[in-house]
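Open the model in your viewer and keep the selection panel handy. We will make a few stops together.

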Amino acid sequence: MFSSIIKRDGRTQVFHESKITDAIVKCLQAVGEEDRQQAVELMLEVIKKIKQQYRDDCFTVENVQDIVETVLIEQGLVRAAKAYILYRENRSRLREARSELMNAVSLILQETNRDNANVGNSPSAKVLQISEIASKNYYLKRVLPEKEAAAHINGDIYIHDLSWYGKTLTCLQIPLDKLLRGGFNNGHGYIRPPKGIKTAASLAAIILQSNQNDMHGGQSFAYFDRDMAVYAEMEKIKQEKLIRQNLEELGLKAVDEKIKELAYERAKEETFQAMEGFIYNLNTMHSRAGAQVPFSSINFGTDTTEAGRLVSQCFLLAYENGLGKGESPLFPNVCFKIKEDVNFEEGDPNYDLFQLSMRVACKRLFPTFSFQDSSFNKPFRDEEVAYMGCRTRVISNCNGPEKTNSRGNLSFTTINLPRLGIRAGKDISLFWKYLDEVFEICVEQLINRYNVQKKLKVKDFPFLMGQRLYLDSEDLQNGDTIEKAIRHGTLSIGFIGLAECLVSLMGRHHGESAEAQAFGISIISHMRRKCDEATKEHKLNFSLLATPAEQLSGKFTKIDLEHYGEIKGVTDKKWYTNSFHVPVEYNIKALKKIEIEGAYHKYCNAGHISYIELQSAPQDNIKAFESLVRAMAEADMGYAAVNFPVDICCDCGLNGLIQEDTCPNCGSRNISRVRRITGYLSTLDRFNDSKLEEIKHRQVHQAFN
């Protein structure tokens, strides 16, 4: 008799006849023919065939299972044979899932998963990453329709935040004014409305953190200056009252105007400290069980009231100062709204704040700039369009009011444009066919995900829905589904690698050829039309997203390299170019890059961003920096930024470009290197390998003569 058998992983284990018998019994049971004696007889027939076909101990588990199938069929037990085949398939899928999961867990335990540059290396972060891997496997193998799962696995599309697929939504423009005015409950008791600016700022940070725990994406305030101005004004009134009381107690009098001036200065000091505390909190206060700080963004710059201007000014000054040793804050994402007749021209009431915002940006990389008078934002000029984090934009609404506040993105899925270009070769008609096919998969997939999301209940979101933050959620009860509210959210279809797609189809990208630029616009405008058609057909807010390429910068490329080999200008590097951007390694002047990329912003109504790369911080050339911002506005951009290296010595606080491994001021090797990634800021040590490689190849854009 045999003594051993070879397992699937190559190891040898003791051979047990009983395992064959037990497997056959289960198959017979499955078809209602349980007979232990018959199972033993069948097992003996299996042993006989093993002896005929293999030498002692030179057979595998798979060999034995093949013979079991043969014996069952030969004995006329067709139904049992089918049950055994199904049993094998199920066991195989289970082993595969366990193997993939265990390999992923093992890798996470060895080193940090750097798909998300905001996730650290703490024990909580590792537990979060392991749970996300398990969830992703579950949704791919148990929930998604086979066609959608295959499209994701094969690299035709990428379903973002798949591990959160059926449990939550992406992001929200939080109605800060509502929460501060009425108070709120974050699960541990009622928080009453604040009576001063410091408390208001502290609560604003808590609100961002609390809602982050209910969602997987960004949290944003669309009108930070306006919403906080109420409490800056309260502070000024409080300070004036205190001054008058103190003077009365001392038996003194003062000119009313002087009292007001002194009250304003005290309120300014309090507001500055409040903004400083707000920034500190957002860079230290973790969410998601301690795995990361909230993905926070604030929009401001257009409130022209004295209190609103004070909030904007104090925030910018506090952000300019940085953290405790002068380090650049990574959060919040700071978006300064540029608006004609408000802050864009000399003589405008907030022109000084625009100048201050550029001064801060020249040192800290933030603020970024949103252009309220671009062709696609201007129709909402009175409402004002706010951007979120890496680029998200939410405004149009086929199911209710077109507004920013109390709405967000529900989920998004990205199309691998280079893959379509490679498959089509030079056949343009074939490319359009492939694009429409994969687009329809995305629409179907997003609808299927929405149908899962809409069945979630108010009680599943203790803060987001519990505090009725979403539009049209006010009348919902805890046991109600959230469909009434989330129909106002957006479902976004994104794209990556337009440049590599154009190289595949035409031999050149849009930075190299006017013809390629024209075709690139035709591709993106076609996708936008398809989104608009899907919106009308399904009565849901489909929108087109210029995908942030943090996670995808290498994933699609790796898959396509394995499938199609190395293709010059396409798969011969570790990343695909972000959305519609001109490739980072291409040498192009700043104004030309702005002109080319500006043409795409109006089509990407779910979000967009463009960058210019400088060699170093332009602190001594703010006027030239301003010329770039104005060129972005003229190019009809919606959201844009200027990049340059920001290196900080964590010991002495030296800021600037530190080219060596040691600080030239104190000799420390403790250097933090801050760069922009997809819209947010992060340090290089948290970038994944593909983004690190991309950083090395970023060309400086000649901007100043």
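The tour below goes from a helix to a sheet and then to a loop.

This is a predicted model, in which local features need pLDDT of at least 70 and side-chain atom pairs count only at pLDDT 80 or more, while totals for chains, interfaces and linings use all residues. Residues are numbered from 1 along each chain as its sequence is written, and side-chain values use heavy atoms, with hydrogens and water left out.

**Helix 11.** Select residues 306-321, which make up helix 11. Helices (H or I, at least four residues) and strands (E, at least two) are DSSP runs, numbered from the N terminus. Among its buried residues (under 20% relative accessible area, 1.4 Å probe, protein chains only) are Leu310, Cys314 and Phe315. Now show the partners: the buried residues of helix 11 pack against elements including helix 9 (224-250), helix 10 (256-284) and strand 21 (680-683). Just after the helix, click Gly322, which takes a positive phi of about 85°.

**The sheet.** From strand 21, move out to the open sheet, where four strands run in the order 19-18-20-21 with antiparallel pairing. Strand 19 (655-656) and strand 21 are at the edges with a single partner strand each, so one side of each has no neighbour in the sheet. Select Arg676 next: its bridge partner in strand 21 is Leu681.

**Asp214.** Finally, go to the loop between helix 8 (197-212) and strand 7 (219-221), where you will find Asp214. What lies 2.8 Å from a polar atom of its side chain? Zoom in to see the backbone nitrogen of Phe463.

Key:
The expected span of a helix is 1.5 Å times one less than its number of residues. Buried means under 20% relative accessible area, exposed over 50%, partly exposed in between (1.4 Å probe, protein chains only). Contact means heavy atoms within 4.5 Å. A polar contact is a pair of N or O atoms within 3.5 Å; within protein, one must be able to donate a hydrogen and the other to accept it, and residues adjacent in sequence count only if both atoms are side-chain atoms. Two strands pair if DSSP finds at least two bridges between them.
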